[in-house]
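Here is a short walk through one protein chain. Keep the sequence and the 3D view side by side as you read.

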Amino acid sequence: MDTFGNSRAQYLSRDTEECRALAMRASGSISEQTSQAAVTGGLLGAASGAAIGSIAGGSRSSAGRGAALGGVTGAMASGARASAQTEAEFQRAFRNCLRQRGHNVIN
């Protein structure tokens, strides 16, 4: 924040805390969003991995290994993507809130 020439500079601390709380509610919990995405990604990855393993290997053990690998890969990728999206939503909401309260947000 740039407080130079800002008539609301004395409210920056209070507004920062209030905007942080509002942005958290607006963007959702990072851990909650990441967990949900990881579960969904893991399930989809496991199903895809099992299908590919079964086709490529032709046996149940190949399908099992494919499911395990696909599940882990899908969970990690989906979780990371959801975490980044949630963080970006938080930052956007936080900056907008401070700007609406009359503060000069640099980044």
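Six residues of H1 are buried: Leu-12, Asp-15, Thr-16, Cys-19, Ala-23 and Ser-27. Around the helix axis they cover an arc of only 100°, so they sit on the same side of H1. Turn to the other side of H1, and Ser-13 and Arg-25 are exposed there. This is a predicted model, so every value here is computed from predicted coordinates.

How does the length of H1 compare with what its 16 residues should span? At 1.5 Å a residue, the expected span is 22 Å. The end C-alpha atoms are 21 Å apart, which agrees. Just after H1 comes Gly-28, with a positive phi of about 85°.

Now step back to the chain. It has three helices and zero strands. Along the sequence the pattern reads α-α-α. The chain has 107 residues, and buried residues make up 28% of them. Its accessible surface comes to about 6800 Å². Carbon and sulfur atoms hold 58% of that surface.

Contacts tell how the chain meets itself. Take those with a separation of 6 or more: 73% of them are between residues 24 or more positions apart.

Next, the nonpolar core. Which residues form the largest one? There are seven: Cys-19, Ala-23, Phe-90, Phe-94, Cys-97, Leu-98 and Val-105. H1 and H3 are the elements that give two or more residues to this core. H3 gives the most, with four residues. Two of the core residues, Cys-19 and Ala-23, also appear among the buried residues of H1. Cys-97 is another core member. Leaving aside residues up to four places away in sequence, Cys-97 touches Cys-19 and Leu-22.

Go back to the buried residues of H1, which include Asp-15. Asp-15 has 0% relative accessibility, so it counts as buried, the limit being under 20%. It is also a charged residue with partners. Side chains of opposite charge can pair when their charged atoms come close. Which residues pair with Asp-15?

Start with Arg-8. Its side chain meets that of Asp-15 in a salt bridge, 3.1 Å from N to O. Arg-8 is partly exposed, with a relative accessible area of 28%. Arg-14 forms a salt bridge with Asp-15 as well, and here the closest N and O atoms are 3.2 Å apart. Arg-14 is partly exposed too, at a relative accessible area of 41%.

The third partner is Arg-101. The side chains of Asp-15 and Arg-101 meet in a salt bridge at 3.1 Å, N to O. This pair links distant parts of the chain. Asp-15 lies in helix H1 (residues 12-27), whereas Arg-101 lies in the segment after helix H3 (60-100). The two are 86 residues apart. At 22% relative accessibility, Arg-101 counts as partly exposed.

How many salt bridges does the structure hold? It holds five. Arg-8, Arg-14, Asp-15, Glu-18 and Arg-101 are linked in a network of salt bridges. In this network, Asp-15 is buried, whereas Arg-8, Arg-14 and Arg-101 are partly exposed.

Methods:
Residues are numbered from 1 along each chain as its sequence is written. This is a predicted model: local features need pLDDT of at least 70, side-chain atom pairs count only at pLDDT 80 or more; totals for chains, interfaces and linings use all residues. Side-chain values use heavy atoms; hydrogens and water are left out. A salt bridge is a side-chain nitrogen of Lys or Arg within 4 Å of a carboxyl oxygen of Asp or Glu. Buried means under 20% relative accessible area, exposed over 50%, partly exposed in between (1.4 Å probe, protein chains only). Contact means heavy atoms within 4.5 Å. Accessible areas come from the Shrake-Rupley method with a 1.4 Å probe; for residues, only the protein chains shown count as cover. A nonpolar core is a set of buried Ala, Val, Leu, Ile, Met, Phe, Trp, Tyr and Cys residues joined through side-chain atoms within 4.5 Å. The expected span of a helix is 1.5 Å times one less than its number of residues. The arc is that of the directions from the helix axis to the C-beta atoms.
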